Amino acid sequence: MKQFAKREDQGLLSFGKKANYGVGGLIYMLLANGIGQLAVWYNVIFKVDALVVGSILLLPRLWDAITDPLMGHISDNTRSRWGRRRPYILIGGILSGIFFSAMLLPPQSLSENGLNIYLLVTSVLFFTAFTVFTVSYNALGLEMSTDYHERSRVMAFRAYFYSFGTLIAFWGLWFATRSFFPTPIIGLNVTGILFGLIAVLATCYVFFTSREQEDIQKQDKIGIIDAVKFTFTSRPFLILTVALVVFDLGLLIYLQLISYVNIYYVFGGDIAAGAVLGGLSATSFGVLKLFYVPMISKVGTRIGKEKTFGFGLISGGLGMILTWFFYTPNYPYLQLALGFLYAFSFPTFEIFPQAIMADVCDLDEMEHGSRREGMFGASMGFATKLAMSASPFIVGVILTFIGFDQNFTVQPDDVIFQMRIFQVVIPAILITAAGILIFAIKLPESKVREVRAILEKRHAQQQTIN
């Protein structure tokens, strides 16, 4: 019964275990938001056409369609002294930091076409490494606890560290444009190096302080065809995945366009001033979120993960409409007030999707007899990265359509007006739609606990036989 206890007593976790896992959230959000901002940086600093940058960043998704499920399968079936996930967290996190730095360090002698090719090659390398990290990191979080509410608390700890990654990412442009750098390009080079170094150091910390459940490694290995088939026949998983893609698209389009709105509308083309306010917005959001996350987690234990998540996204989508009134050159700092709404709304996305996914893994184990957190985590990671890379392309299409020219410090009034329309309408529709979709998952606490009881009984019987 000793091994059984190892697994089923994994309900409530210590503060340290949850915090150590949460540090990985800093890596994820720093690099994910860094990719989102990369399109803006290449456009306003390197002067590469926004549509070209967006198209380049979208191409690695074709490669991810192969590497994500493959990495999920490899992670699920790895048996090592360091566990199934930790070796890949270490390798993937270190390489992600290195290749992210490389994307911001193009040789200055490159021609325009050479710069585009350089971005394509380094982005493929980055996203391959990021797949190794995110698939394994997400899978580790899914299997940390067997308790319905503790799973949400684990993700709440991760959400805390998400805040720090977001803060660093959104101060990147401000840092790169400081006067102590000879040029903004050199500033961006240094920014890339610092981002990569932070990712590498945080990765090493997660590797050395996290542990995995030993007994899960003893389950039979799973064929990749069956793993993919069973994963994509799970109705709750499919609904959650679609909702995540829709939400991510809306949020990332918003975050990129709002940078342009700040620079070219609120501050009339002043890149440095727009960067400062963008950083302050991220800071106010992050600080407020530190106070809101415990409350959000508690609400989830009262009314359920799905309802809290759904209502959070819907309120965030509706709040997007307020940006039309809160982003104004007359009162530029008025936009900081939106942090009070967003700090309650958007952390629901950082806490509940993986907590729900862990419940989906229980349901999957009951139906098919094995746990495949790696494959589910890979699918979630692919959905997130698909939105991450599609959003710069969509933003590039929008900017090309409205006639934006990165070579103009001051944009025409009609370009600014259309930019603001797109920045409000598209994110509001997408994020609200994602919130509505969440209510269709229908995996309440009573159902999850019933499944958990069946699994515990099954595990006990297996231990008795062994």
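Here is a short chat about a predicted protein model and the labels used for its parts.

Reader: How do you know that confidence isn't even along the protein?
Author: Look at the helices: the mean pLDDT is lowest in helix α1 (residues 2-8), at 38, and highest in helix α5 (residues 86-103), at 96. Over residues 1-9 the pLDDT is below 50. The protein as a whole averages 85.

Reader: What makes E150 and K18 a salt bridge?
Author: The cut-off is a Lys or Arg side-chain nitrogen within 4 Å of a carboxyl oxygen of Asp or Glu. For E150 and K18 the N to O distance is 2.9 Å, so the pair fits that rule. The two sit in distant parts of the chain, with E150 in helix α7 and K18 in helix α2, 132 residues apart.

Reader: Why is K18 called buried?
Author: Buried means under 20% relative accessible area. K18 comes in at 9%, so buried is the right word. Its partner E150 has 3%, so E150 is buried too.

Reader: And why is E456 called partly exposed?
Author: That label covers values between the 20% and 50% cut-offs. E456 has 31%, so partly exposed fits. E456 forms a salt bridge with R452, and R452, at 7%, counts as buried.

Reader: What separates R452 and E456 by about one helical turn?
Author: They are four residues apart in helix α19 (residues 445-465), so about one turn lies between them.

Reader: How many disulfides does a search of the whole structure find?
Author: Zero. As for cysteines, C361 is buried at 1%, while C204 is partly exposed at 24%.

Methods: Residues are numbered from 1 along each chain as its sequence is written. This is a predicted model: local features need pLDDT of at least 70, side-chain atom pairs count only at pLDDT 80 or more; totals for chains, interfaces and linings use all residues. Side-chain values use heavy atoms; hydrogens and water are left out. pLDDT is the predictor's confidence in each residue, from 0 to 100. Contact means heavy atoms within 4.5 Å. A disulfide is a pair of cysteine sulfur atoms within 2.5 Å. Buried means under 20% relative accessible area, exposed over 50%, partly exposed in between (1.4 Å probe, protein chains only).
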